[in-house]
Amino acid sequence: MGDKREISRRTFLNYALMGTGGFLAAGMITPMIRFAVDPLLQGHAGGDKVAVGSVDEFGPVPKRVEFKVHTKDGWYESETTLSAWVTKNEKGEILALSPICKHLGCTVNWNESPDHPNQYFCPCHLGRYTINGENILGTPPTASLDEYETEVKDGKLYLGKIKANPRPGVNG
């Protein structure tokens, strides 16, 4: 019939110990891998845009709005307060600008400088921008203010992610 191979006691114990050790190692490593990979596997709930008010609230003069966004970085979740300067032109087009100066990150304000009316002004280093967020050439900022993505739905204005302002600088 067939020849039977006998396993020595030492070989059997080696197989048994290696199998048990492998089982225990897999039991310890699996949760660690799951912990490391889990945030990548989970989708984020909610929309990317946040309601900031009714469209009727905005006009040709910039209005500052503050809103909270839910931020998730791996396992750390937080609420961050952001702000935007929102205008609506005569055609009904809405422009939402970030108030962060492109020079060194200070906060710009509308119509704050008596020497430069009807402009965004950065008090840190005297940076100036037009109502459309265009940087005024000859001042410290080297780029225009960033814009927020906008969407109007059911009479409400929603702001999304920040994108670069495509407008070039202007002489002022």
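**View 1. The β9–β10 hairpin and its turn.** In this predicted model, β9 and β10 make a hairpin with two residues between them. Look for D154 in the turn, where phi is positive, at about 55°. The strands, β9 with residues 147-153 and β10 with residues 156-163, run antiparallel and are joined by six bridges. One facing pair to pick out is K153 and, opposite it in β10, K156.

**View 2. The largest nonpolar core.** Strand β10 turns up again here, as one of the elements that give two or more residues to the largest nonpolar core. Which residues touch the most other members of this core? Among its 13 residues, they are V52, V65, F67, A84, V86, L157 and L159. Besides β10, the elements giving two or more residues are β2 (63-73), β3 (76-88) and β4. The most comes from β2, which gives three residues. If you centre your viewer on V65, you will find V52, F58, L82, S83, A84, V86 and L159 in contact with it, leaving aside neighbours within four places in sequence. Another core lies apart from this one; it has 11 residues, including C106, Y120, Y129 and L145. As general background, nonpolar side chains in soluble globular proteins tend to be buried together.

**View 3. The open sheet β5-β6-β7.** Three strands form this open sheet, with antiparallel pairing and the order β5-β6-β7. Why does one side of β5 (109-110) and of β7 (127-129) have no neighbour in the sheet? Both stand at the edges with a single partner strand each, so one side of each is left free of a neighbour there. Between β6 (residues 120-122) and β7, which run antiparallel, there are three bridges. Here F121 stands opposite R128 of β7.

**View 4. Y120, a buried residue of β6.** Staying with the sheet, this close-up picks out Y120, which lies in strand β6. Is Y120 buried or exposed? Its relative accessibility is 0%, so Y120 counts as buried. Y120 and L145 are 25 residues apart in sequence, while their C-alpha atoms are 9.6 Å apart in space. Both Y120 and L145 belong to the core of 11 residues.

**View 5. S98 and its contacts.** The last view moves to the loop between β4 (94-97) and β5, where S98 lies. S98 has a relative accessible area of 4%, and because buried means under 20%, S98 is buried. What does S98 touch beyond residues up to four places away in sequence? Its contacts are L145, D146, Y148 and I162. L145 therefore links this view with the previous one, where its C-alpha distance to Y120 was given as 9.6 Å.

How values were computed:
Residues are numbered from 1 along each chain as its sequence is written. This is a predicted model: local features need pLDDT of at least 70, side-chain atom pairs count only at pLDDT 80 or more; totals for chains, interfaces and linings use all residues. Side-chain values use heavy atoms; hydrogens and water are left out. Two strands pair if DSSP finds at least two bridges between them. Helices (H or I, at least four residues) and strands (E, at least two) are DSSP runs, numbered from the N terminus. Buried means under 20% relative accessible area, exposed over 50%, partly exposed in between (1.4 Å probe, protein chains only). Contact means heavy atoms within 4.5 Å. A nonpolar core is a set of buried Ala, Val, Leu, Ile, Met, Phe, Trp, Tyr and Cys residues joined through side-chain atoms within 4.5 Å.
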